[in-house]
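Here are my notes for reading this structure alongside its sequence. Please keep both in view and take the points in order.

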Amino acid sequence: QKVSVEVLEHLEHLALVDFRDLEGVERLQKAIQFADQLQEVSTDGVEPMDSVLEDRCLYLREDDVTEGNCTKELLENAREKVEEYFVAPPGNIPLPKLEERETFLQGS
Amino acid sequence: AALNDGLRSQVSAALKEGRVTPTELCQRCLALIKSTKFLNAYITVVEESALKQAEESEERYKRGQPLGILDGIPIAVKDNFNTAGIETTCASNMLKGYISPYNATVVQKLLDQGAVLLGKTNLDEFAMGSGSTDGVFGPVRNPWSYSKQYKEKSVPKSHSEDEESNWVITGGSSGGSAAAVSSFTCFAALGSDTGGSTRNPAAHCGVVGLKPTYGLISRHGLIPLVNSMDVPGILTRCVDDAAVLLGSLAGHDPKDSTTIQDDFKPFELPNLTDVSKLSIGIPKEYHAPGLSSEILALWSKAADLFKNAGAKVVEVSLPHTRYSIVCYHVLCTAEVASNMARFDGLEYGHRSGMKDSTESMYAATRREGFNDVVRGRILSGNYFLLKQNYEKYFVKAQKVRRLIANDFVKVFRSGVDILLTPTTLSDAAPYTEFIQEDNRTRSAQDDILTQAANMAGLPAINVPTALSERGLPVGLQFIGRSFQEKQLLTVAKWFEKQVQFPMIQLEEVKRHDSDVFQHQKSASFS
């Protein structure tokens with residue numbers, strides 16, 4: 001079963017990463033095929049494992065401020081900033097629809 | 001002191017007695033880095049700051065107050081660890097020019113003990129790969145490609161074509177670190193290990209590669225790939241040195257809540273002489289398809305070595321081994337999809353010139369910043385995490401992970417102390433051959449022997465064992481119980497002493513360090 005263009009487009013949207021070319025799409029197909037082997041294993045009654053340290057309690061420290069005031073250092077690596085703000089292009093604008101985007105999937 | 005000396009046994013003593021100074025050591029390593037530049041092991045070399053650190057160390061030795069064994073020792077760090085004031089790239093366009101504002105905890109610990117940081121080593125982009133061939137700064141070359149041992153065994157096609165096209169890979173993804181240690185440009189290096197990324201290149205480069213138990217060493221500052229499996233890795237030329245590094249790095253870090261809170265006591269390794277109380281397990285599923293007959297024979301020989309020395313050697317079964325790669329594939333891509341989401345161009349790293357909208361800027365930045373391998377894993381991961389696929393793939397994989405981890409629990413509960421397995425399927429492949437298959441296929445093939453230890457969070461170590469028919473290193477892997485590094489390293493050290501792995505014979509090193517080849521010593525100095 002091939003992955004539908006709708007799902008591919010949805011993935012590009014979620015990941016904000018594009019497939020780039022046919023190879024990219026085929027790579028995903030192969031990855032899914034590979035992962036399907038998991039179905040061969042019986043996991044009845046088996047609980048999912050999040051962490052190998054599941055039997056231990058997480059360390060919780062006191063709610064005290066021990067460091068901070070590093071605004072200057074943190075802003076150092078940002079390309080666009082104004083005073084103490086990171087500057088982003090306008091938000092709440094969805095990615096253009098498939099037809100208008102410059103993406104490989106357009107051709108499919 | 002020679003560049004190939006063991007830390008604890010020789011170099012430390014030499015530094016204390018003033019037979020060699022930290023500045024001399026540093027200068028020698030820096031010079032060697034320059035003359036082995038063709039290996040492409042380093043992305044960044046911080047000559048000035050290294051010499052300054054060496055100077056400070058020298059002052060301390062003069063006052064008779066060295067900070068410890070690591071004071072003045074040149075080390076290298078894989079370029080996916082944050083290093084304050086030094087560029088950290090993860091071999092990706094996404095982080096080119098990114099200057100870390102802080103030190104990873106493990107880096108800080110090394111610096112606090114006076115270690116001299118020489119530079120950042122090359123890797124596969126974002127540590128995704130098993131060849132150290134897929135970074136933006138190009139592939140790393142295995143120093144053994146230029147060794148006398150390899151050249152003697154290779155059939156020369158034509159004199160000039162020979163060296164340029166014949167070179168072999170280091171394995172990966174911590175190839176730069178492995179090559180740096182193997183070529184004597186540093187005494188120890190940090191790598192990372194998520195699926196075998198420290199042990200695999202260690203095997204191919206003939207060095208010791210330790211993957212500690214998950215939770216023992218802090219990941220704070222290690223740019224994450226798979227949060228539930230990543231660990232910092234240690235690469236050294238002998239097992240004793242690995243124990244020294246482990247001693248200085250292990251322990252709870254409040255900045256990494258996945259580090260255990262138990263007290264960690266650094267240890268010196270005993271010189272084991274009696275292995276009769278030891279039980280070694282040989283997991284039959286590790287006789288994987290594609291395992292070279294050479295390595296199979298070596299593995300068998302090693303098992304016999306233990307048997308003849310009086311240890312109990314038993315065949316055991318880890319039935320879910322063959323699913324570990326598939327399981328890893330799903331869990332890894334899923335966590336990667338999440339971890340890579342932070343790279344959006346806003347706060348750090350590459351930023352695209354696209355200004356239409358936030359989303360389009362993010363998309364363009366990620367399009368420009370990540371290579372195919374990274375993008376492929378992000379997309380696969382997102383697929384497995386889709387609502388309609390979550391149970392079938394992600395949760396399923398988590399269940400299989402428990403089965404894999406339980407396999408190990410059962411075996412260790414049955415009285416086995418340590419498992420002995422091969423580390424890689426074969427010796428290092430020539431670069432031209434390696435790149436014929438894509439990254440995912442290669443990783444799936446190469447990780448098969450190392451991956452399960454990451455699934456179960458167990459400590460594992462590669463010990464260089466012998467040279468292959470082609471004159472290249474082959475290593476064997478020991479896997480131990482959780483947090484039983486002392487036992488694991490003790491056995492590894494005993495084995496290292498038995499096999500007497502030969503020292504690499506490199507022209508460049510010869511020129512720099514005339515007393516290196518005075519004695520045909522092995523890499524282990526215990």
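1. Helix α2 of chain A covers residues 22-35, and its 14 residues reach 20 Å from the first C-alpha to the last, close to the 20 Å expected at 1.5 Å a residue. Please bear in mind, here and in every point below, that this is a predicted model. The buried residues in α2(A) are A:Gly24, A:Val25, A:Leu28, A:Gln29, A:Ala31, A:Ile32, A:Phe34 and A:Ala35. When you look at how such positions are spaced, it helps to recall that an α-helix has 3.6 residues a turn, so residues three or four places apart point the same way. Against what do the buried residues of α2(A) pack? Their partners are α1 (5-15) of chain A together with four helices written for chain B, namely α11, α13 (372-385), α14 (390-413) and α16 (439-446).

2. Chain A as a whole has three helices and two strands, which follow one another from the N terminus in the order α-α-α-β-β. Of the 108 residues in chain A, 31% are buried. If one takes the contacts in chain A between residues at least 6 apart in sequence, 48% of them join residues at least 24 apart.

3. Helix α11 of chain B, one of the partners of α2(A), spans residues 324-339; its 16 residues reach 21 Å from first C-alpha to last, close to the 22 Å expected at 1.5 Å a residue. Is α11(B) mostly covered or mostly uncovered? The helix is mostly covered, since 15 of its 16 residues are buried.

4. Two packed helices are described by the angle between their axes and the distance between the axes. For α11(B) and α13(B) the angle is about 105° and the axes are 7 Å apart, which means that α11(B) is roughly perpendicular to α13(B). On the α11(B) side the contact is made by B:His329, B:Val330, B:Cys332, B:Thr333, B:Ala334, B:Val336 and B:Ala337, while α13(B) contributes B:Arg377, B:Ile378, B:Ser380, B:Gly381, B:Asn382, B:Phe384 and B:Leu385.

5. B:Thr333, which has its place in helix α11 of chain B, is worth a separate look. This residue is buried, with a relative accessible area of 4%. Leaving aside residues up to four places away in sequence, B:Thr333 touches B:Tyr328, B:Arg377, B:Ser380, B:Gly381 and B:Phe384.

6. B:Leu51 lies in helix α3 (residues 47-62) of chain B, and at 24% relative accessibility it counts as partly exposed. Not counting residues up to four places away in sequence, B:Leu51 touches B:Cys26, B:Gln27 and B:Leu30. The C-alpha atoms of B:Leu51 and B:Ala84, which are 33 residues apart along the chain, are separated by 17 Å.

7. How many disulfides does the structure hold over all chains? The count is zero. B:Cys186 forms no bond because the closest cysteine sulfur, that of B:Cys29, is 7.0 Å from its own, which is too far. B:Cys205 is in no disulfide either, and its nearest cysteine sulfur, that of B:Cys186, is 12 Å away. Both of these cysteines are buried, B:Cys186 with a relative accessible area of 0% and B:Cys205 at 1% relative accessibility.

8. Some backbone geometry deserves a careful check, given that most residues other than glycine have a negative phi, and most peptide bonds are trans. A cis peptide bond, with omega about 10°, joins B:Gly172 and B:Ser173, and B:Ser173 is found in the loop between α6 (159-166) and α7 (175-182) of chain B. A:Glu83, which is not a glycine, has a positive phi near 50°; this residue sits in the loop between β1 (81-82) and β2 (85-86) of chain A and is exposed at 69% relative accessibility. B:Ser132 also has a positive phi, of about 60°, although it is not a glycine. B:Ser132 is in the loop between β3 (116-121) and α5 (148-153) of chain B, and it counts as buried at 0% relative accessibility.

9. As for annotation, an unreviewed UniProt entry lists "domain: Amidase" for residues 28-147 and 169-489 of chain B. Residues 28-147 are 27% helix and 12% strand, with their end C-alpha atoms 20 Å apart. Residues 169-489 are 41% helix and 14% strand, and there the end C-alpha atoms are 27 Å apart.

Conventions
Residues are numbered from 1 along each chain as its sequence is written. Chains are lettered from A and ligands numbered from 1 in the order in which they are written. This is a predicted model: local features need pLDDT of at least 70, side-chain atom pairs count only at pLDDT 80 or more; totals for chains, interfaces and linings use all residues. Side-chain values use heavy atoms; hydrogens and water are left out. The expected span of a helix is 1.5 Å times one less than its number of residues. Buried means under 20% relative accessible area, exposed over 50%, partly exposed in between (1.4 Å probe, protein chains only). A disulfide is a pair of cysteine sulfur atoms within 2.5 Å. UniProt positions are given in the numbering used here, feature names are shortened, and annotations may be inferred rather than shown by experiment. Contact means heavy atoms within 4.5 Å. Axes are lines fitted to C-alpha atoms, for helices over the stretch in contact, and angles run from 0 to 180 degrees between N-to-C directions. Angles under 35 degrees count as roughly parallel, over 145 as roughly antiparallel, 65 to 115 as roughly perpendicular and the rest as oblique.
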